[in-house]
Structure formats: structure tokens, C-alpha cells
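Reader: I am new to this structure and would like to understand how its descriptive terms are justified. Could we go through them one by one?

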Amino acid sequence: MMHEIQYTRWLNQPLDQISLDLISYSLNYKEHDFLDFKQDFHIERRFQRRKDQSESDTKINITKMLERYCVAFANTYGGFLVVGVAEHKKGFFIKGINFKNLKRRKMLMYIKSEQKRIKKDLGIDFEFLSIVIGNKDLLVFKISKGSNKPYRSSEGKYYYRQADNTLSK
């Protein structure tokens, strides 16, 4: 209950004013309805095994991940996706994003274009912020709770959040 109140407050504040507080607070707890951590933009297993992932593969992963989490959070309470945080037995830690073959600036430009497309095509608003903590890059996404539910991805899938899971119907 305490987490819900804190995250609801943060959803109503500008992302650039809360990102460091959000991360330092959240690293001490587990993922839940309002929060998900991802180590990187790998959601398709076929790309996880390949070390020679191309720029277009990276963009496909970014697109799919953003759509999946935007739809899920918009269909529930809204929430935060933090990319660059890994999970260990003892909890979460900041690992940073490995930009591989897609340079940082290029990745941010691509995400900005996806932000516009998702707003236009899916009707979902989100903010994102790139921050550096201890020389490690993180991306923090704040996805608003949707007002025209249910939302679905461009592939026609309905996602939602339940505890620390993103599920599809």
C-alpha cells in the first residue's frame, strides 16, 4: 500500500524531478504493478543469444519492448520502466545499458521517434529520460495511466501489469 501511494505521487510529477529518487527508492524493493526493471532492450530470445545483433535487431527490440510496457502500464495504473538495472539474488543493482552497435545519441533519437509513433498510433503517452549514475547509463520511462482502455499493441496484443509481471490477454 505504501508503494502505491509513493508511485502514484511520482506519476503526477515531471520525470526529471523524480528520476533519482525513484531509482534509489525502487532498488530497495521488488518489481510490482507500478515498476519494472530491465537490464537491456532484449525481449526476443533469438536476439539474446546472438552476439552480432544488428542495428535493425536492436530497433525491433526497442519497439517491441516500448509497446509492450506502454500498453501494459496504460491498461493498469500507469508506471515506470527502468532500463539498465539487473537482478541478482540479493536484489537489484545498476548495471547500465550496453549500447552495442546503436550509439547512445542514435538510440535516444530512435526512442523519441517511437514516443511520437506510440502516441499517434496507440494513443499512449509516456516520458523518458536518460540519466547517468556512476558512469552507467539508464533510461527511465514514465507511462501514464490510460483514459481510453483497453489499449493494444500494433500486433493486436493486450498487455497488463499484475504484480511484477507483464501479461497478455
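Reader: In which sense do E5 and E6 pair, and over how many bridges?

Author: This is a predicted model, and in it E5 and E6 pair in the antiparallel sense over eight bridges. Two bridges are the least that a pairing requires, so the eight between E5 and E6 satisfy that condition. Serine 130 stands opposite leucine 139, which belongs to E6.

Reader: What makes E1 and E5 the edges of the open sheet?

Author: The sheet consists of four strands in the order E1-E2-E6-E5, with mixed pairing. Strand E1 (35–38) and E5 each have a single partner strand, so one side of each is left without a neighbour in the sheet. From one strand to the next, the twist averages 15°.

Reader: Which helices lie across E5 and E6?

Author: H5 lies across E5 and E6, and runs at about 160° to E5. H4 lies across E1, strand E2 (79–83), E5 and E6, and its direction is at about 155° to E2.

Reader: Why is the contact between arginine 117 and glutamate 67 called a salt bridge?

Author: The closest N and O atoms of arginine 117 and glutamate 67 are 2.7 Å apart, and because the limit for a salt bridge is 4 Å, the pair qualifies. The pair links distant parts of the chain, with arginine 117 in helix H5 (residues 104–122) and glutamate 67 in helix H4 (residues 55–75), 50 residues apart.

Reader: How do you know whether glutamate 67 and arginine 117 are buried or partly exposed?

Author: Glutamate 67 has a relative accessible area of 4% and is therefore buried, since that term applies under 20%. Arginine 117, with a relative accessible area of 22%, is partly exposed, because that term covers the range between 20% and 50%.

Reader: What makes the pair of lysine 38 and aspartate 36 a salt bridge?

Author: The closest N and O atoms of lysine 38 and aspartate 36 are 3.9 Å apart, which is within 4 Å, so the term applies here as well. Aspartate 36 is buried, with a relative accessible area of 2%, whereas lysine 38 is partly exposed at 24%.

Reader: Which salt bridge links strand E6 with strand E5?

Author: The side chains of lysine 142 and glutamate 127 meet in a salt bridge, at 3.0 Å from N to O. Lysine 142 is in strand E6 (residues 136–143) and glutamate 127 in strand E5 (residues 126–133), 15 residues apart. Lysine 142 is buried, with a relative accessible area of 5%, while glutamate 127 is partly exposed, with a relative accessible area of 34%. Elsewhere, salt bridges that share partners join Glu67, Glu114, Arg117, Lys120 and Asp121 into one network.

Reader: How do you know that the buried residues of H2 are on the same side?

Author: The buried residues of helix H2 (residues 15–26) are Leu15, Ile18, Ser19, Leu22, Ile23, Tyr25 and Ser26. They cover an arc of only 160° around the axis, and therefore they are on the same side of H2. The face turned away from that buried side carries the exposed residues Gln17 and Leu20.

Reader: Which side chains of strand E7 are buried, and what follows E7 in the hairpin?

Author: Tyr159 and Arg161 of strand E7 (residues 159–162) point to one face and are buried, while Tyr160 and Gln162 point to the other and are not. E7 and E8 form a hairpin with two residues between them, and alanine 163 in the turn has a positive phi of about 55°.

Notes:
Residues are numbered from 1 along each chain as its sequence is written. This is a predicted model: local features need pLDDT of at least 70, side-chain atom pairs count only at pLDDT 80 or more; totals for chains, interfaces and linings use all residues. Side-chain values use heavy atoms; hydrogens and water are left out. Buried means under 20% relative accessible area, exposed over 50%, partly exposed in between (1.4 Å probe, protein chains only). Axes are lines fitted to C-alpha atoms, for helices over the stretch in contact, and angles run from 0 to 180 degrees between N-to-C directions. Contact means heavy atoms within 4.5 Å. The arc is that of the directions from the helix axis to the C-beta atoms.
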